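Got your viewer open? Grab the selection tool and follow along, one stop at a time.

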Amino acid sequence: MKIGVIGTGYVGLVTAAGLAELGHQVQGVDKDTEKIEKVSRGIVPIYEPGLDGLLKSNMEKGRLNFSSDLSGTIREADVVFVCVGTPPQEDGSADMCQIEEVSRQIAENLNRYKLVVEKSTVPVKTSYWIKRTMSLYRKSDVEFDIASNPEFLREGSAVLDFLNPDRIIIGVETERARDILLGIYEKFKDRIVVTNIDTAELIKHASNSFLALKISYINLISNICDRTEANVEQVAAGMGLDPRIGSRFLKAGVGYGGSCFPKDIRALVKIGEDLGVDMSLLKEADKINADRVRIFLDKVKKALWILKDKNIAVLGLAFKPETDDIREAPSIRVIRELLREGARLRLYDPQAMGNMKQLYPEEPGRLIYSSSPYQAADGANALLVLTEWAELAGLDLKKLKATMANPIIVDGRNVFEPEAARKLGFEYYSIGRK
Ligand code: UDX
């Protein structure tokens with residue numbers, strides 16, 4: 001069985017490498033020739049722990065290669081995984097142009113039966129459109145099947161997630177398609193859930209939106225904690241002990257970001273509304289998340305009063321630890337607001353500074369990047385934490401205090417212990433705890 005993986009973005013690269021690791025013959029394809037050229041030489045364009053090793057070892061074993069010849073890859077493949085982007089549009093709905101384009105190209109190269117598997121996050125009913133597009137564009141009556149196999153991997157632990165999945169969701173409408181996918185995921189046969197295609201497509205959006213909802217819920221509770229003596233971490237721990245609730249994704253902070261939650265929750269709102277369903281619950285969750293940066297900045301202002309000409313160290317730019325990804329990261333809006341108020345910023349992140357420089361290039365006197373957290377804190381009137389990198393949680397507070405102009409920390413991810421920070425003489429603000 002030969003597998004073609006279309007799209008070498010985040011999901012595509014991990015899927016291609018992961019499927020090869022499962023022992024399959026995989027060809028990854030992308031129209032971005034420069035990217036393909038780099039990946040073929042083992043250069044991974046993103047920071048993802050374990051991914052370069054997985055790619056290299058499978059390329060060396062001859063199970064994985066990359067190409068920019070889309071037609072060739074499709075024609076050679078028995079199964080085609082579609083991993084192209086479905087970016088958000090202004091109204092929240094997913095832009096399906098790339099999916100349509102790929103569907104046409106698969107149809108035009110349908111030289112024998114193929115199974116087309118949607119891996120990209122797509123609205124429920126997408127398979128109907130892929131099928132229709134393929135039927136319209138195929139040149140002969142060659143048979144094909146569509147399946148949905150949503151991807152649940154998390155950035156920063158994507159390789160681990162692919163190789164140790166909680167579940168593999170397979171949405172199919174024929175036995176042939178089901179058997180092929182059961183074969184591909186044979187290794188995980190105890191974790192495979194087979195559904196119809198609409199259900200599989202919806203499981204992905206429903207899961208991500210639920211997790212986003214859970215985070216917004218604890219963030220809402222943290223606002224009550226901020227105004228009382230309650231401690232949000234203890235509230236979350238107490239709630240989490242109930243197995244019906246569970247302890248994960250109950251960490252209050254400056255809000256969720258990334259390429260999935262913000263986009264998926266808005267997409268599901270649009271999907272529901274288009275079907276006549278009142279989606280106000282999820283709209284509120286999105287609104288609560290949008291408010292996190294304002295609430296965080298209120299804390300900064302409470303500590304510093306006037307931000308103009310204050311030196312502020314901003315530690316943690318990635319939307320979460322162990323990634324260089326800054327898509328929808330709270331840091332982007334925090335930086336924008338601080339600059340608007342005239343603050344002078346020193347930014348630091350272990351991996352994401354390169355990406356942030358594209359958005360905010362250095363402007364001496366206004367915004368500079370530091371080579372270490374201590375350098376960023378040197379002479380600062382306050383230090384802000386926006387990502388819970390282990391490196392940041394492990395900072396030597398004594399050393400920090402010695403270099404800062406004013407010992408003020410506003411911790412948007414609760415990485416430090418309030419008591420320890422205060423004992424050292426810091427004025428310390430965090431989320432939902434005193
Ligand atoms: C998410 C899903 O977890 C994954 O299953 C899906 O395939 C893609 O979307 P990802 O975006 O990589 O993965 O990161 P995740 O670890 O889920 O975190 C998303 C955001 O939520 C981050 O900004 C993180 O900081 C925030 N978060 C997470 C919280 O604020 N609190 C939490 O308790 C958990």
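Start by selecting strand E7, residues 168–171. Keep in mind that you're looking at a predicted model. Show the side chains: Ile-168 and Ile-170 point one way, while Ile-169 and Gly-171 point the other way. In a regular strand, side chains alternate between the two faces of the sheet. Are these E7 residues buried or exposed? Every one of them is buried.

Now add strand E8, residues 192–195. E7 and E8 run parallel, and four bridges join them. To find one partnership, pick Ile-169 in E7 and look across to Val-193 in E8, its bridge partner. Next, trace the chain from E7 to E8: on the way it passes through helix H8, residues 175–184. Which hand does this β-α-β crossover have? It's right-handed.

Time for some rings. The structure has three aromatic pairs. For one of them, select Tyr-128 and Trp-129: their ring centres are 5.1 Å apart and the planes meet at 80°, an edge-to-face pair. Turn on the surface here. Trp-129 has 52% relative accessibility, so it counts as exposed. Tyr-128 comes out at 45%, so it counts as partly exposed.

Jump to Tyr-256 and Phe-261. Why is this pair called edge-to-face? Because the planes of the two rings are at 85°, and angles over 60 degrees get that label; the centres are 5.9 Å apart. Tyr-256 is buried, with a relative accessible area of 7%, and Phe-261, at 13%, counts as buried too. Add Phe-249 to your selection, and you have a cluster of three residues linked by ring pairs: Phe-249, Tyr-256 and Phe-261.

Rings can have charged company as well. Select Tyr-137 and Arg-104: the arginine lies over the face of the ring, 5.5 Å from its centre. Then try Tyr-374, where the charged end of Lys-399 sits over the ring at 4.0 Å from the centre.

Last stop: the ligand. How many residues are around it? There are 18, and those that come nearest are Phe-152, Leu-153, Glu-155, Lys-251 and Lys-320. Zoom in on the ligand's oxygen atoms. At Lys-320, an N or O atom of the side chain is 2.8 Å from a ligand oxygen. At Lys-251, look at the backbone instead: an N or O atom there lies 2.8 Å from an oxygen of the ligand. Finish with Glu-151, where a backbone N or O atom is 3.5 Å from a ligand oxygen.

Notes
Residues numbered from 1 in each chain as written. Predicted model: local features only at pLDDT ≥ 70, side-chain atom pairs only at ≥ 80, totals over all residues. Heavy atoms only, no water. Buried < 20%, exposed > 50% of the residue type's maximum accessible area, 1.4 Å probe, protein only. Helix = DSSP H or I, 4+ residues; strand = E, 2+ residues; numbered from the N terminus. Pairing = 2+ DSSP bridges. Right-handed = clockwise from strand over helix to strand, strands pointing away. Phe/Tyr/Trp six-rings, centres within 6.5 Å; stacked < 30°, edge-to-face > 60°. Lys NZ or Arg CZ within 6 Å of the ring centre and 35° of its normal. Near = heavy atom within 4 Å. Polar contact = N/O pair within 3.5 Å; in protein donor to acceptor, adjacent residues only side chain to side chain.
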